[in-house]
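Trainee: Could you take me through the salt bridges in this model, one at a time? I would like to see where the partners sit and how open their surroundings are.

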Amino acid sequence: MAYFAAFTQHVWNIFVAERKPGWKNLLLLFAVCSSVSLIANVLLFLAGYTLLTEYPVSAAIIFMPLWVILSISLFFFRYLRCFSALFFLTCGMHEGRNTLVAAGTGAVVAGNIQNIFYNLKQLADSVTCILESQHLSFLDEYIKAIWWIYNQSKALSNPLKDIVEVNDKLDVSYFILDEGLNLRLNKTRLGIQNVVNQISSVLALHLSLAKKVLPLLGTAFILLGTYRFLQKFLGPHTIKFKNTYITKEFIRYNEQQWQQQKLSVLPLSKEERKVYAMVPSFCQTYKEKKCTIRFFLPVLANLCIWILFGAIDYLLYWLIFSVSKHLQDFPELEVHLKLYYHKNADKFIFNNGEIVDNKTSFEIPLFEHVCIPTPQLSLNATWIQLGTIIIFLTVLGLFTSTFIQLKILVTTSFFPKTDMKRIEYLHAKLLNRRSKLSERKMKRKLNSFATISGSQSSRQ
C-alpha cells in the first residue's frame with residue numbers, strides 16, 4: 001500500500017509540474033497525459049454510446065484522433081491538465097448528480113410510465129372486446145337451444161315414427177341490426193388508437209432524448225461547471241472564493257510566521273473549527289453540512305416522483321390482475337331445459353327443469369376468455385436501474401464535501417502563486433477576526449466593571 005501511495009504521488013507530481021528538460025521527463029509526462037486522455041475518452045464514449053451504436057465506424061474515426069489530440073494538448077498546456085483533473089472530480093458533484101437524476105427519470109419513463117399506458121390500453125381493448133362479443137356469444141347459444149328443442153320436438157310429435165317417417169328441414173339464421181353499436185365501437189376503438197399513438201410517439205421521443213441527448217448534455221454541463229469553477233478560482237475575487245480550508249501550505253506558512261516572531265492562528269478555536277476545516281478531512285463544517293443537504297434535496301424530490309409512478313404502476317397492475325382473475329374464475333351461466341308433450345292440449349310445454357342428460361343443459365360464458373386483459377409489471381427491471389442510480393447518488397452526496405476539498409487541493413497544486421495569495425488573505429482574516437473578538441471582550445469587561453463600580457458608589 002505504501003508503494004502504491006508513493007507511485008501515485010510521483011505520477012501526480014509529474015502531471016502537476018511544468019515541463020522539465022530531458023527526454024526521460026518529457027516521455028514520462030507524455031505517458032501520464034496519454035493515460036488521462038484515454039480515461040477521458042472512455043467516459044465520453046460511454047456518454048455517447050447510444051448515439052454512436054447507430055454509426056459503429058464513426059466511433060473509431062472520432063475517438064482515436066480525439067485521444068491523440070487531447071494527449072498532445074495535455075502535454076503542452078498545463079491549464080488543460082488542471083481542467084481535466086477537475087472534470088473527473090466535478091462528475092461526483094452537482095453536475096454529476098443532475099446527470100444521474102436525468103438518467104433515473106429516463107428509466108421511469110421507459111419503465112413505469114410506458115407500462116402504465118400499456119395496461120390502460122389493455123383495459124380499454126378488453127372493454128371493447130367484451131362489448132363486441134357479448135351479444136354474439138349469447139346468440140350462438142340460443143341457436144344451439146333452438147336446435148335442441150327442434151330435435152326433442154321431432155321425437156315427441158311423431159307417435160307413428162316406427163311406421164311412418166316424416167322428413168322436414170329447419171334452417172336457423174339471425175340478422176342483427178347493430179349498426180349504431182358498431183359505429184360507436186369503431187369510434188371508440190379509433191379514439192383509443194389515436195390516444196395510444198400520440199402517447200407512444202411522445203414516449204418514444206422522450207426515450208430517444210434520454211438515451212442519446214441527455215448523456216451528452218450531462219457531459220456538457222459537467223464541462224461548463226468545471227470551467228466556471230476555474231474561472232472563479234482564477235478571477236479577481238479568488239482570495240474569497242471557497243477560502244475556508246486549512247491546507248498543508250497554510251500550516252507551513254503559519255509556522256514561518258511563528259518563526260519570524262509574528263502572530264500565529266493555529267490551533268483554531270472551537271468556533272473557528274465550525275467555519276474552517278482542515279483538509280483533507282471527513283469532518284464537515286456547518287457550511288459543508290448545508291451543502292450536503294442541498295445536494296440531497298433534488299434527489300429526494302425526484303425519488304418521491306419515482307416512487308409515485310412506481311406505486312401507480314403497481315396499483316394499476318394489481319387492479320387489472322385482480323379483475324382478470326375474478327373474470328376467469330367467474331362461473332358460466334348454466335341453463336337447464338326440459339320439454340313436455342301434452343296430449344290432451346296437443347301442444348308442447350317448454351320450461352326449466354332438472355338435468356336429464358348432457359343435452360338438456362347449456363353453458364353460456366358471460367365473458368370471452370380472449371377479452372380478459374393481461375397486464376404487465378415492469379417494477380423489477382426499472383427499480384434495479386433506479387436502485388443502482390440511488391446508490392451512486394447516496395455515495396456522491398456523502399462525499400460531496402470531500403470532492404470540494406479535493407478540487408481546492410488540485411487547483412492550488414497547479415497555481416501555487418494564487419494559492420499563496422489565498423493563504424495570506426485567510427491568515428490576515430483570522431488575525432483580524434481574533435483582534436475584533438478581543439476588542440469586544442475588553443469592551444464587555446470595561447462595561448461590566450463600570451456598572452459594578454457605579455452600583456457600589458450608589459450604595460455608599
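Mentor: Happy to, and here is a walk through the salt bridges and their partners. Keep in mind that this is a predicted model. The count comes to four salt bridges.

Let's begin with E18 and R78, whose side chains meet in a salt bridge at 3.6 Å, N to O. This pair links distant parts of the chain, 60 residues apart: E18 lies in the loop between α1 (2–16) and α2 (23–47), while R78 belongs to helix α5 (residues 78–90). E18 has 52% relative accessibility, so it counts as exposed, the cut-off for that being over 50%.

Next, look at E249 and R252, where the closest N and O atoms of the salt bridge are 2.8 Å apart. Both residues are in helix α8 (residues 248–259), and because they are three residues apart there, about one helical turn separates them. E249 is partly exposed, at 37% relative accessibility, and R252 is also partly exposed, at 40%.

Now find R434 and E272, a salt bridge with its closest N and O atoms 2.9 Å apart. Here again the pair links distant parts of the chain: R434 is in helix α13 (residues 416–459) and E272 is in helix α9 (residues 270–273), 162 residues apart. Are these two partners buried or exposed? R434 is partly exposed, with a relative accessible area of 26%, whereas E272 is buried, at 1%. Salt bridges that share partners also bring in R433, joining E272, R433 and R434 into one network.

Note on methods: Residues are numbered from 1 along each chain as its sequence is written. This is a predicted model: local features need pLDDT of at least 70, side-chain atom pairs count only at pLDDT 80 or more; totals for chains, interfaces and linings use all residues. Side-chain values use heavy atoms; hydrogens and water are left out. Helices (H or I, at least four residues) and strands (E, at least two) are DSSP runs, numbered from the N terminus. Buried means under 20% relative accessible area, exposed over 50%, partly exposed in between (1.4 Å probe, protein chains only).
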